[in-house]
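Dear colleague,

I am passing on the structure we spoke about, with the sequence alongside. Please open it before reading on, as my notes are meant to be followed with the model in view.

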Amino acid sequence: MTTSWGEKYRAARPARVTELEKPFAGIPAGAQLFIASPKVIDAWLRTIPPGRTRDVAAMRDALAKRNKADATCPTSTAIFLRIVAESALERVAAGEAPEAVSPFWRVVEPGGALAQKLSCGPDFIAQQRALEAAAKPSRKKADPA
């Protein structure tokens, strides 16, 4: 039997900081490396306001800083972001509203490699971004008429 993305989400190891013994992905030996978890990624995504986007590099930088590490593991971050996204998509397929699930589309670029791998493809991501942008309140100042 195949493991669902939701099961992978729930079964993931807790987040932790580790010291690199040797260089990895441009991160030097001896650096403190934060290894996130799907729950940590999910929680961070939910802090992004609707209609706003961030990139994965900004997410990794913020998570490293928040966890007093020098960097966040790029490999595990990509894996956990996919788990969060696919778990959210499973919930949407089961009838939940997109507004109720983790807003992965605020970080996953519609034209990026991860969007191509996701079961929803890039169109769902672009659609969610457009819906949020359209619903975003205007920040124009009122006319002093």
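Below I describe the overall chain, then the aromatic residues, the main pocket, and two individual positions.

Please keep in mind throughout that this is a predicted model. The protein chain has six helices and three strands, and, read from the N terminus, these elements follow the order α-β-β-α-α-β-α-α-α. Along the principal axes, the C-alpha atoms of the protein chain fill a box of roughly 60 × 50 × 25 Å. Of the 145 residues in the protein chain, 37% are buried. Among the contacts in the protein chain with a separation of 6 or more, 54% are between residues 24 or more positions apart.

Turning to the aromatic residues, the structure holds three aromatic pairs. In one of them, the ring centres of Phe 104 and Trp 105 are 5.3 Å apart and the planes stand at 70°, which is over the 60 degrees needed, so the pair counts as edge-to-face. Phe 104 and Trp 105 are both buried. Trp 105 also forms an aromatic pair with Phe 124, again described as edge-to-face, with 6.0 Å from centre to centre and 80° between the planes. This second pair links distant parts of the chain, since Trp 105 lies in the loop between helix 4 (74-93) and helix 5 (113-117), while Phe 124 belongs to helix 6 (residues 121-135), 19 residues apart. Trp 105 has a relative accessibility of 2% and therefore counts as buried, and Phe 124, at 15%, counts as buried too. Taken together, Phe 104, Trp 105 and Phe 124 form one aromatic cluster.

A separate arrangement involves a charge and a ring: the charged end of Lys 8 sits over the ring of Trp 5, at 4.2 Å from the centre of that ring.

What is the volume of the largest pocket? The value comes to about 180 Å³. Trp 105, already met in the aromatic cluster, is also one of the residues that line the largest pocket. The lining further includes Arg 46 and Pro 50, the residues Pro 98, Glu 99, Val 101, Pro 103 and Arg 106, and also Gln 128, Leu 131 and Glu 132. By character, the lining residues of the largest pocket divide into six nonpolar, one polar and four charged.

Two single positions may help you to find your way around the model. Val 17 is placed in strand 1 (residues 16-19), and with a relative accessible area of 37% Val 17 is partly exposed. Leaving aside residues up to four places away in sequence, Val 17 touches Gln 32, Leu 33, Phe 34, Asn 67 and Ala 69. Val 17 and Cys 73 are 56 residues apart in sequence, and their C-alpha atoms are 9.8 Å apart in space.

Is Asp 42, in the other position I looked at, buried or exposed? Asp 42 has a relative accessible area of 8%, which is under the 20% limit, and so this residue is buried. Asp 42 is found in helix 2 (residues 38-45), where, again leaving aside residues up to four places away in sequence, Asp 42 touches Tyr 9, Val 84 and Ser 102.

With best regards

Note on methods
Residues are numbered from 1 along each chain as its sequence is written. This is a predicted model: local features need pLDDT of at least 70, side-chain atom pairs count only at pLDDT 80 or more; totals for chains, interfaces and linings use all residues. Side-chain values use heavy atoms; hydrogens and water are left out. Rings of Phe, Tyr and Trp (its six-membered ring) pair if their centres lie within 6.5 Å; planes under 30 degrees apart count as stacked, over 60 as edge-to-face and the rest as tilted. Buried means under 20% relative accessible area, exposed over 50%, partly exposed in between (1.4 Å probe, protein chains only). Helices (H or I, at least four residues) and strands (E, at least two) are DSSP runs, numbered from the N terminus. A charge sits over a ring if NZ of Lys or CZ of Arg is within 6 Å of the ring centre and within 35 degrees of the ring normal. On a 1 Å grid over the protein atoms alone, a cavity is a set of points where a 1.4 Å probe fits but cannot get out, and a pocket is an open set with protein on both sides within 12 Å along at least five of seven lines; lining residues have an atom within 4 Å of a point. Grid points are joined across faces, edges and corners, and a volume is the space filled by probe spheres set on the points. Ala, Val, Leu, Ile, Met, Phe, Trp, Tyr, Cys and Pro count as nonpolar, Asp, Glu, Lys and Arg as charged, and the others, Gly among them, as polar. Contact means heavy atoms within 4.5 Å.
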